[in-house]
Amino acid sequence: MSFDSNTLNPEQREAVTHGAGPLLVLAGAGSGKTRVIAARIAHLVLRAGVPAGAILAVTFTNKAAREMNGRVAAMLPRGEAPTICTFHAFGVKLLRAHIERLGYRRGFAIFDTQDQLSVVRNLMEEGDFDNLLLNPKEALFLLMQAKGKGVPAADLLANTAPREQMLGRIMTGYQAALQRMNAVDFEDILILSLRLCLEHPEAAAGFFARYRQVLVDEYQDTNQTQYDLLRHLVAAHRNLCVVGDDDQSIYGWRGAAPGNILEFERDFPGARVVRLEQNYRSTDTILAAANQVIRNNTRRKEKRLRGNQGPGKPIAWLVAEDEQEEMERVATHLKLAHLRDGAALSDFAVLYRSNHQSRAIEEALRGEGIPYQLVGGTRFYERKEVKDALAYLRLVENPADEVSLYRVLNYPRRGIGQASQLKLAEYAAHQGRPVHELLREAGQYGEFTGAVATAMERFGEMLERYRGRFAAEPMGTVFRALLAEIGFHRAVEKEHDDAKGRDRAVQLVLELELAVDQYGRNNPAAALKDYLERVALFTHLDNEEPEQRLPMVTLTTVHAAKGLEFPTVYIINAAEEVFPNRRALAGGEEEEERRLFYVAVTRARRQLVMSFAKVRRRFGQELKQKPSRFAREIDPGLFAGDSPQGGAAQAVKVDKTREAKSRFFNQIKMLGDPADAKPALPAAD
DNA sequence: CACACGCTAATTTTT
DNA sequence: TTAGCGTGTG
């Protein structure tokens with residue numbers, strides 16, 4: 001296979017064929033960014049003679065990495081492939097080889113937010129910390145922010161502000177605890193990678209040396225640590241190509257430093273800068289709306305998306321009395337477009353600001369019999385049942401993981417209660433020995449009664465036994481045996497007294513067993529730690545292999561929709577305090593919310609629909625709503641009929657007692673709507 | 001130590 | 001409003 005550079009526009013071609021040295025690509029939404037990166041990789045290999053194995057492309061999400069891998073694979077001959085992965089996956093590769101130099105052991109665990117919170121909670125319970133000054137959740141959030149910026153504990157401790165002081169003490173204790181447990185968090189993966197560069201340059205350089213061309217996708221989402229790591233990575237050759245769009249920076253809350261885009265030209269003098277402003281995705285109407293919204297942001301690099309498809313359909317503004325009616329209107333609108341225009345269900349996406357909003361639209365779609373696919377939502381690997389079961393695997397792999405240990409030491413119940421656990425922890429701290437070592441000798445200490453000591457010893461013995469089995473037998477088999485031995489299913493069932501919840505919980509466990517089993521079968525050479533690493537790094541965005549299922553409507557948060565496109569996009573709940581999100585506004589993040597809205601709008605290819613309810617129920621109370629300020633920033637002339645500027649006043653009253661009739665009426669009304677009746681534009685590809 | 005009831009926080013986004 | 005957590009009781 002190969003690629004055809006003649007299908008590229010001049011700017012794209014410039015980016016693709018750029019030779020050595022730093023390159024900054026400012027890529028507007030829908031400007032063919034992913035295509036450019038893939039084409040550049042192909043160009044480097046096929047035309048510039050760079051070995052595929054010498055290329056590293058870093059993405060922000062696993063989903064992006066997977067898509068990039070697919071595209072590149074289609075353009076390159078079989079054989080050695082470039083490394084295409086997330087920052088974190090790359091960091092883990094590096095740490096797996098060299099973490100022992102940094103005071104950790106092999107087989108380290110990767111802690112997720114829940115695990116981290118558990119550590120912080122324990123820390124704050126045991127030590128002298130003022131919960132009112134900083135509760136565990138706040139503390140963890142600030143801790144991660146500080147870590148993302150590379151702020152050391154010493155700096156925090158040197159600060160006179162009491163909150164900073166406290167945070168500094170928490171950071172010290174937290175890092176000590178993680179090291180004791182041989183665990184790293186997501187930020188540690190990056191920080192330790194960077195530390196390796198600084199403290200063991202020979203080891204890091206040895207690892208990096210093979211990469212002679214480095215590409216970074218979604219550059220605006222990188223944080224300080226990632227940026228520093230990049231600089232070390234390319235220090236020897238400066239062959240760094242970063243692609244990003246400051247208008248699509250939507251991870252500021254996670255410490256992303258979009259300023260990295262500006263710093264790039266300073267830190268890499270002589271960098272070539274290419275701007276991609278030609279949009280191939282959306283109609284002019286959609287692009288106009290996007291431009292009108294984003295231009296209200298003050299801190300941005302001025303740019304303007306140019307389209308080439310003509311105006312297309314106007315934007316639709318659906319107004320309803322309450323949320324239920326809003327979602328019914330969306331579902332009806334969608335169904336009608338599906339039936340009337342013959343559009344596939346996979347052509348539609350419903351976007352919302354935050355995950356919990358999916359519930360209402362799900363109900364409405366179910367009511368209309370429209371199949372949908374939920375992106376994200378409650379994450380499989382974060383479900384209690386799944387985490388409990390996984391805790392056993394994590395313990396087998398890393399016995400020092402006390403978070404997992406205490407999670408399951410008495411689950412399923414084996415008679416080791418809170419008091420005994422506390423005693424165990426204190427005794428371990430007093431002896432300065434790891435908890436798991438003490439377990440197996442519990443009978444030797446007078447601390448524990450006979451029954452408790454026996455239970456502890458049996459627990460320790462069991463883990464040891466399964467450690468051996470996992471090393472020798474297929475992991476799926478051993479995992480099932482383990483769950484059976486401890487009576488896990490029974491324990492899960494016992495936790496629910498309602499049949500629904502029970503079935504759901506059991507189903508989750510069965511799903512997990514299947515996942516472990518399949519992973520073991522598909523990767524016979526893989527060890528347990530490979531599976532655990534995958535679980536830790538992969539998120540719900542990576543819903544296994546892209547299944548070839550029935551066409552379905554996609555339901556997703558705006559964040560998770562970044563990088564995707566759909567012929568028709570619904571932005572639901574386009575109301576003040578919802579989108580923009582109230583807390584974000586309170587935190588002074590209006591501009592990031594606006595960028596998020598901009599991302600939502602630019603996902604649409606041919607039609608954009610926004611919906612709004614005049615009243616929302618919140619905590620059981622009725623709340624009057626106003627149309628989103630972002631929707632109001634769009635020229636009313638771009639809307640068909642109702643617009644957010646005046647739409648609320650003209651809402652169609654729906655008689656609840658005659659819902660079926662009114663729905664029918666709505667359908668007729670929409671069928672007759674001249675704006676809506678325009679035929680869809682042909683595909684612009 | 002297990003269970004039940006009642007209180008409180010949640011409603012931002014994810015590697 | 002609801003889910004998850006903590007406290008108190010048996």
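The legends below describe close-up views of a predicted model.

**View 1. A six-stranded open sheet.** The strands of this open sheet run in the order 3-2-6-7-1-8 and pair in parallel. Strand 3 (83-86) and strand 8 (272-276) form the edges; each has a single partner strand, so one side of each has no neighbour in the sheet. On average, neighbouring strands are turned by 15° against each other, with direction ignored.

**View 2. The pairing of strand 6 with strand 7, and helix 4 on the sheet.** Strand 6 (residues 213-216) pairs with strand 7 in the parallel sense, over three bridges. Val214 has Leu240, in strand 7, as its bridge partner. Helix 4 (residues 87-98) packs on the sheet and touches strand 2 (55-59), strand 3 and strand 6. The direction of helix 4 makes about 110° with that of strand 3.

**View 3. The second largest pocket.** This pocket has a volume of about 1100 Å³. Its lining comprises 34 residues, and those nearest the pocket centre are Asn122, Glu126, Glu402, Tyr406 and Ala425. By class, 15 lining residues are nonpolar, nine are polar and ten are charged.

**View 4. Helices that line the second largest pocket.** At least two lining residues come from each of helix 5 (113-126), helix 8 (162-180), helix 17 (402-408), helix 18 (418-431) and helix 19 (435-439). Helix 5 supplies the largest share of the lining, nine residues.

**View 5. The cis peptide bond at Pro412.** Tyr411 and Pro412 are joined by a cis peptide bond, with omega about -5°. Pro412 is in the loop between helix 17 and helix 18.

**View 6. The loop between strand 13 and helix 26.** Pro580 is placed in this loop, which lies between strand 13 (566-571) and helix 26 (582-586). The peptide bond that joins Phe579 and Pro580 is cis, and its omega is about 15°. Asn573 also lies in the loop between strand 13 and helix 26. Although Asn573 is not a glycine, its phi is positive, at about 60°. Asn573 counts as buried because its relative accessible area, 3%, falls under 20%.

**View 7. Arg238 in the loop before strand 7.** Arg238 is found in the loop between helix 11 (224-233) and strand 7 (240-244). Arg238 is not a glycine, yet it has a positive phi of about 60°. With a relative accessibility of 32%, between the 20% and 50% limits, Arg238 is therefore classed as partly exposed.

Technical notes: Residues are numbered from 1 along each chain as its sequence is written. Chains are lettered from A and ligands numbered from 1 in the order in which they are written. This is a predicted model: local features need pLDDT of at least 70, side-chain atom pairs count only at pLDDT 80 or more; totals for chains, interfaces and linings use all residues. Side-chain values use heavy atoms; hydrogens and water are left out. On a 1 Å grid over the protein atoms alone, a cavity is a set of points where a 1.4 Å probe fits but cannot get out, and a pocket is an open set with protein on both sides within 12 Å along at least five of seven lines; lining residues have an atom within 4 Å of a point. Grid points are joined across faces, edges and corners, and a volume is the space filled by probe spheres set on the points. Helices (H or I, at least four residues) and strands (E, at least two) are DSSP runs, numbered from the N terminus. Ala, Val, Leu, Ile, Met, Phe, Trp, Tyr, Cys and Pro count as nonpolar, Asp, Glu, Lys and Arg as charged, and the others, Gly among them, as polar. Buried means under 20% relative accessible area, exposed over 50%, partly exposed in between (1.4 Å probe, protein chains only). Two strands pair if DSSP finds at least two bridges between them. Axes are lines fitted to C-alpha atoms, for helices over the stretch in contact, and angles run from 0 to 180 degrees between N-to-C directions. Contact means heavy atoms within 4.5 Å.
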